[in-house]
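Open the model in a viewer and keep a selection prompt ready. The stops below go from the whole chain to single side chains.

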Amino acid sequence: MASRHWDLGVEGNLVWRYFPEGRETIARLVADSFEYGTDDDLPPQVLDQFEYYTHVVGPLVYDHLGSRPLDPDLLRRFCAFCRELLAHADAHPGPVAWEIEYHLQMYALYDLDAPKVTEALRAADPELVRIIDQRWPGMAAESTE
């Protein structure tokens with residue numbers, strides 16, 4: 001029998017991989033979906049991808065980015081997460097890319113125009129800040145060009 005794995009969606013799978021400290025939260029969200037389905041006599045609903053940002057990425061990284069020093073490994077993983085999502089969006093143009101870009105822009109990189117946020121990201125991954133500024137001109141507080 002072939003091995004089968006849960007698919008949390010592109011963004012959910014990457015949140016699971018890059019932020020293992022958020023896995024209990026993800027498990028709780030999935031369990032809640034089953035519980036709601038049971039209570040309402042409906043099939044469980046697949047989580048919306050933005051939920052991974054609001055319940056895992058935000059509380060772990062985004063809510064603290066620029067306001068306090070983050071663990072360097074956590075910041076590195078956040079940057080790698082953003083880069084991988086941007087690469088996926090570039091490789092899959094269309095609705096999937098639009099959703100990824102929207103979620104990144106609104107839930108992961110929203111305050112990039114705040115100098116402390118940009119400074120923290122630039123210190124960790126200056127190339128990522130350049131890529132973001134190129135993709136969304138003016139989003140970063142200081143242009144790197």
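The tour begins with the overall fold and then moves through charge pairs, a buried acid and two surface patches.

**Before selecting.** This is a predicted model, in which local features need pLDDT of at least 70 and side-chain atom pairs count only at pLDDT 80 or more, while totals for chains, interfaces and linings use all residues. Residues are numbered from 1 along each chain as its sequence is written, and side-chain values use heavy atoms, with hydrogens and water left out.

**Whole chain.** Show the cartoon: the protein has 7 helices and 0 strands, where helices (H or I, at least four residues) and strands (E, at least two) are DSSP runs numbered from the N terminus. The C-alpha trace spans about 55 × 35 × 30 Å along its principal axes. Of the 145 residues, 39% are buried; buried means under 20% relative accessible area, exposed over 50%, and partly exposed in between (1.4 Å probe, protein chains only). Among contacts (heavy atoms within 4.5 Å) with a separation of 6 or more, 65% join residues 24 or more positions apart.

Switch to a surface. About 8600 Å² is exposed, and carbon and sulfur atoms supply 55% of it; accessible areas come from the Shrake-Rupley method with a 1.4 Å probe, and for residues only the protein chains shown count as cover. Colour by charge, with Lys and Arg as positive and Asp and Glu as negative, and His and the chain ends not counted. The mean positions of the 12 positive and 26 negative charges are 8 Å apart, each charge being placed at NZ of Lys, CZ of Arg, CG of Asp or CD of Glu.

**Arg17 and Glu84.** The whole structure holds 8 salt bridges, each a side-chain nitrogen of Lys or Arg within 4 Å of a carboxyl oxygen of Asp or Glu. Select Arg17 and Glu84, whose closest N and O atoms are 3.0 Å apart. Arg17 lies in helix α1 and Glu84 in helix α4 (residues 72–91), so the bridge ties together parts 67 residues apart in sequence.

**Arg77 and its partners.** Next select Glu21 and Arg77, a salt bridge with its closest N and O atoms 2.8 Å apart. This pair also links distant parts of the chain, from Glu21 in the loop between α1 and α2 to Arg77 in helix α4, 56 residues away. Buried or exposed, which is Arg77? Arg77 is buried, at 11% relative accessible area, whereas Glu21 is partly exposed at 39%. Add Asp73, which bridges to Arg77 at 3.0 Å from 4 residues away in helix α4, about one turn. Glu21, Asp73, Arg76 and Arg77 are linked in a salt-bridge network.

**Glu11.** Go to helix α1 (residues 9–18), where Glu11 sits. Glu11 is buried without a salt bridge, and Arg135, the nearest side chain of opposite charge, is 12 Å away. Beyond neighbours within four places in sequence, Glu11 contacts residues including Gln49, Tyr53, Glu99 and His103.

**Two patches.** Patches are made of residues with over 30% relative accessible area and no salt bridge, like charges being joined within 9 Å and nonpolar side chains (Val, Leu, Ile, Met, Phe, Trp, Tyr) within 5 Å. Select Glu35, Asp39, Asp40 and Asp41 for a negative one. Asp41, in the loop between α2 (23–39) and α3 (50–60), has a positive phi near 55°. Most residues other than glycine have a negative phi.

Finish with Tyr102, Met106 and Tyr110, a nonpolar patch of about 320 Å² accessible area together. Met106 belongs to helix α5 (residues 95–108) and is partly exposed at 33%.
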